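Colleague: I've got a fresh model open and I'm still learning how to read one. Can we go through it together, one question at a time?

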Amino acid sequence: MPKPRRNIQSAAEETITPPADLTPTQRICRVRSAAGNNLYQVTCPDASKLLVELAQRFRSTIWIRRGGFVLVDTATLADRDNKIGGEIINIVRDEKQWAKMSWWPAEFKLVRRDYGDSDDEDSKVGQLPPSDSEDEG
């Protein structure tokens, strides 16, 4: 039997707004890969790597993409004696809104891409290579 729609909607709404402050055991991490069974390899701002578990309320509800950001709490699973270094307690869906917060790590700041005004004459994108008859003339 599928999860009730109200559970899915509440989990989705929870991930849109960032928290006001983070506790000392919480940190923003970037997802490197899925390790299977709700486990993910993440990279922290200090370049350390952790194996983290997805919180129960997000399982089969919200999907995490590789390269996305998550909020990890390292204290929730401290009592376990295994390789898991923390639990994903929130998923960053609106990166722009989350990046505006004062606690967002500088290593993960969004890079603004300004392509400027490009001339169509200088661009070679989508054009065929020159033919032999054009080179001879």
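Colleague: Let's start with Glu53: is it buried or exposed?
Modeller: Keep in mind that this is a predicted model. The relative accessibility of Glu53 is 14%. Buried means under 20%, so Glu53 counts as buried.

Colleague: Which residue forms a salt bridge with Glu53?
Modeller: Side chains of opposite charge can pair when their charged atoms come close. For Glu53, the closest N and O atoms of the pair are 2.9 Å apart. A salt bridge needs that nitrogen and oxygen within 4 Å, and the partner that Glu53 finds is Arg59.

Colleague: And is Arg59 buried or exposed?
Modeller: Its relative accessible area is 19%. The limit for buried is under 20%, so Arg59 is buried.

Colleague: How many salt bridges are there in the whole count, and where is the other one?
Modeller: The count comes to 2 salt bridges. Besides Glu53 with Arg59, there's one with 3.0 Å from N to O. Its two side chains belong to Arg65 and Glu95.

Colleague: How many residues apart in sequence are the parts that Arg65 and Glu95 tie together?
Modeller: Arg65 lies in the loop between S3 and S4, while Glu95 is in helix H2. Arg65 is exposed, at 54% relative accessible area, whereas Glu95 is buried, at 18%. Because of where the two lie, the pair ties together parts whose separation in sequence is 30 residues.

Colleague: Let me zoom out. In what order do the helices and strands run?
Modeller: The protein has 3 helices and 5 strands. Reading from the N terminus on, the order is α-β-β-β-β-β-α-α.

Colleague: What share of the contacts joins residues at least 24 apart?
Modeller: Here we look at contacts between residues at least 6 apart in sequence. Of those, the share joining residues at least 24 apart is 60%.

Colleague: What percentage of the residues counts as buried?
Modeller: The protein has 137 residues, and it exposes about 10,100 Å². Carbon and sulfur atoms supply 47% of that exposed area. As for the residues, the buried part is 33%.

Colleague: Which strand gives the largest share of the largest nonpolar core?
Modeller: That core has 17 residues, and Ile64, Val70, Ile88 and Ile91 touch the most other members. Strands S1, S2, S3, S4 and S5 each supply at least two residues of this core. The largest share is 3 residues, and the strand behind it is S3.

Colleague: Which residues named in the second core should I look for?
Modeller: This core is separate and has 10 residues. Among them are Phe69, Leu71, Ile89 and Val92.

Colleague: What does Ile88 touch, leaving aside its neighbours within four places in sequence?
Modeller: Ile88 is one of the residues that touch the most other members of the largest core. Its contacts include Tyr40, Val52, Phe58, Ile64, Val70 and Val72. Also on that list is the salt-bridge residue we began with, Glu53.

Colleague: How many aromatic pairs does a search find, and what kind is Phe69 with Phe108?
Modeller: The search of the whole structure finds 3 aromatic pairs. Phe69 and Phe108 sit 5.1 Å apart, centre to centre, with 55° between the planes. Planes over 60 degrees apart would count as edge-to-face and under 30 as stacked, so this pair is tilted.

Colleague: What about Trp98 and Trp103: which kind of pair do they form?
Modeller: Trp98 is buried, and so is Trp103. Their ring centres are 5.9 Å apart and the angle between the planes is 85°. That makes the pair edge-to-face.

Colleague: Which residues share one aromatic cluster with Phe69?
Modeller: Phe69 lies in strand S4, and Phe108 is in the loop between helix H2 and helix H3. Both Phe69 and Phe108 are buried. The cluster with Phe69 is completed by Trp104 and Phe108.

Colleague: One last thing: how far apart in space are Asn38 and Ser60?
Modeller: Asn38 is in the loop between S1 and S2, and its phi is positive, about 65°, although it is not a glycine. Ser60 is in the loop between S3 and S4, with a positive phi near 60°. The two are 22 residues apart in sequence, and from C-alpha to C-alpha the distance is 9.3 Å.

Conventions:
Residues numbered from 1 in each chain as written. Predicted model: local features only at pLDDT ≥ 70, side-chain atom pairs only at ≥ 80, totals over all residues. Heavy atoms only, no water. Helix = DSSP H or I, 4+ residues; strand = E, 2+ residues; numbered from the N terminus. Buried < 20%, exposed > 50% of the residue type's maximum accessible area, 1.4 Å probe, protein only. Contact = heavy atoms within 4.5 Å. Areas by Shrake-Rupley, 256 points an atom, 1.4 Å probe, with all protein chains shown as cover. Core = buried A, V, L, I, M, F, W, Y, C linked by side-chain atoms within 4.5 Å. Phe/Tyr/Trp six-rings, centres within 6.5 Å; stacked < 30°, edge-to-face > 60°.
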